[in-house]
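Student: I am new to this structure and should be grateful for a close look at a single part of it. Please show me the model before the explanation begins.

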Amino acid sequence: MTELKAKIKVMPVHIFVMLFSAVYSFASIFIPMFELFIQYVPFRTYSLFTLILNPKVYTRIRSGSVNLNFQSFAAVVFVISIVLAVAALTLSLAFPFYYNSGKKRKIGYLSVLALFVGRAVCHVITLSKMVSEDMISSNGLTPQRLYVAQSFAGNLLIIVLFIGVAACLYGALNLKMNYKIFAYPYLAWIVIFTILPLILILFRAFFTKAAGGGYEFTTAGFSVLFAKKTVTTRFYGMEVTLQEYFSIFLRSFDYALWTTIGCLLLGYPASYILAKKSKLKRQNSSRLLLLFVLPMWMNTMLRTYAWRAFFSETGVCNTILQQIGAIDAPILFLKNEILADVITKLVMTNDFLPFMVLPLYSVLVKLDDSLSEAAYDLGATKAQTFFKVTFPLSLPGVISGIQMVFMPSLTFYMIPDILNEGSKTTIGTTVQNFILNESTTYNQAGNVLSLLLLIFVLITMGILRGQDKEAGSGGMTL
């Protein structure tokens, strides 16, 4: 018994994973895995064990009756499944304890792996073949009206067996635990959902599908964007004539710039106060920080419509102003060009404020108070200490916050679109309209515009990263 306990203590993790998979594979014979649907309605839930005990189904439906008998199918599947499950469980419990040679252990891992694969195949066959075509036709139904679906326990079985197969393969190959392997899923995620889409945008910006079925090189998308077509628009009350899409980019840039400035002006003092309180009473600061994060839990569209209702003709703002006697008639905030522009930037600032506060707070809370005390000892005032010590040291947080606010707000279109009722076109709306257009040329123009925005963002990030390095290497000067 002592020797057995000693073996268990030194047993690697993947063996316990394999044992858990084997136990669940055996237990799944008695757990409801399949759900029978008749006329789109769940009729009965089955495990392999209950399928043997009660294989017959009879029920009346509006167009007649349904009479099913799973006895012959269940008998074969039950026997095969229980043999595979029992064999996997027995072998998983036996060979790690009684076989010390590497070759025999490898054979044991591969045997359990084959049994897990067989159990998974048997489960899939049961799911797909339990209701046969003869049953469907003899009862006058269709596959959509008579079928078997997998329950949550069935989905879990497939996942557990997959993990068990991975554990067996890990043991058979005699791999050593290396924490670098945990980075591979993230690398795969980046490749699939970041790099490949960017490559696709680059490809679609220069190539379109030809009539013959292949792809041909074309710059028609660039011609659409840089066409000599001008529009007259108003910026800050002044009428200016600009190239059409440059005008749209300029408006989006204006929104992004003022949103970033607003978030910085509001976010830095808030982060500074939160950081100060955090060093005194951590609980109070965490509660205050929650007030900034809490709005992020609500859908952006709902928040925007709430702001629109607030500034509407019969909204809260007009109601309060009328009740206190400040105005006689409601102000059309969202119809006035200047007021609507200010409100749009205000709402965007409110929406992106947490993205500025969080990186600023994370930097400010880590600043050493002894640096400020040293500045005071050297004769610096509070203002000098802030501008020559605190602020330079917090620049990494400022730059990080600018990146997190400016980049997304540049292409953000939901808030301007909802508040201005589509009257102000932004760069995000333009990309969406291009991509959804049925014209191949406009589709390509959408990809070209996305590519140009990506280049602009990369250049901006490169500039900010350079500033971040300079800030990180800077010292304290009085």
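**The surface and one nonpolar patch**

Tutor: The accessible surface of the chain comes to about 27900 Å², and 67% of that area belongs to carbon and sulfur atoms. The model is a predicted one. Within this setting, the part to examine is a nonpolar surface patch of about 1000 Å². The residues that make the patch are Y184, L187, W189, I190, V191, I192, F193, I195, L196 and I199. One of them, I199, has its place in helix α8, which covers residues 184-206. Is I199 buried or exposed? Neither word fits, because its relative accessible area is 49%, and I199 is therefore partly exposed; the term exposed is kept for values over 50%.

The patch may now be set against the whole chain. There are 20 helices and 9 strands in the chain. Its radius of gyration is 33 Å, well over the 23 Å given by the globule rule for 478 residues, so the chain is more spread out than a compact globule. The C-alpha trace spans about 85 × 70 × 60 Å along its principal axes. Of the 478 residues, 37% are buried. Where contacts join residues at least 6 apart in sequence, 64% of them link residues at least 24 apart.

A strand pair completes the view. Strand β8 (residues 230-235) pairs with strand β9 (residues 238-243) in the antiparallel sense, over 6 bridges. T230 has Q243 in β9 as its bridge partner. Together β8 and β9 form a hairpin with 2 residues between them, and Y236 in the turn has a positive phi of about 55 degrees.

Notes
Residues numbered from 1 in each chain as written. Predicted model: local features only at pLDDT ≥ 70, side-chain atom pairs only at ≥ 80, totals over all residues. Heavy atoms only, no water. Patch = residues over 30% accessible without salt bridge, like charges linked within 9 Å, V, L, I, M, F, W, Y side chains within 5 Å. Areas by Shrake-Rupley, 256 points an atom, 1.4 Å probe, with all protein chains shown as cover. Salt bridge = Lys/Arg side-chain N within 4 Å of Asp/Glu carboxyl O. Helix = DSSP H or I, 4+ residues; strand = E, 2+ residues; numbered from the N terminus. Buried < 20%, exposed > 50% of the residue type's maximum accessible area, 1.4 Å probe, protein only. Pairing = 2+ DSSP bridges. Rg over C-alpha atoms; globule rule 2.2 N^0.38 Å. Contact = heavy atoms within 4.5 Å.
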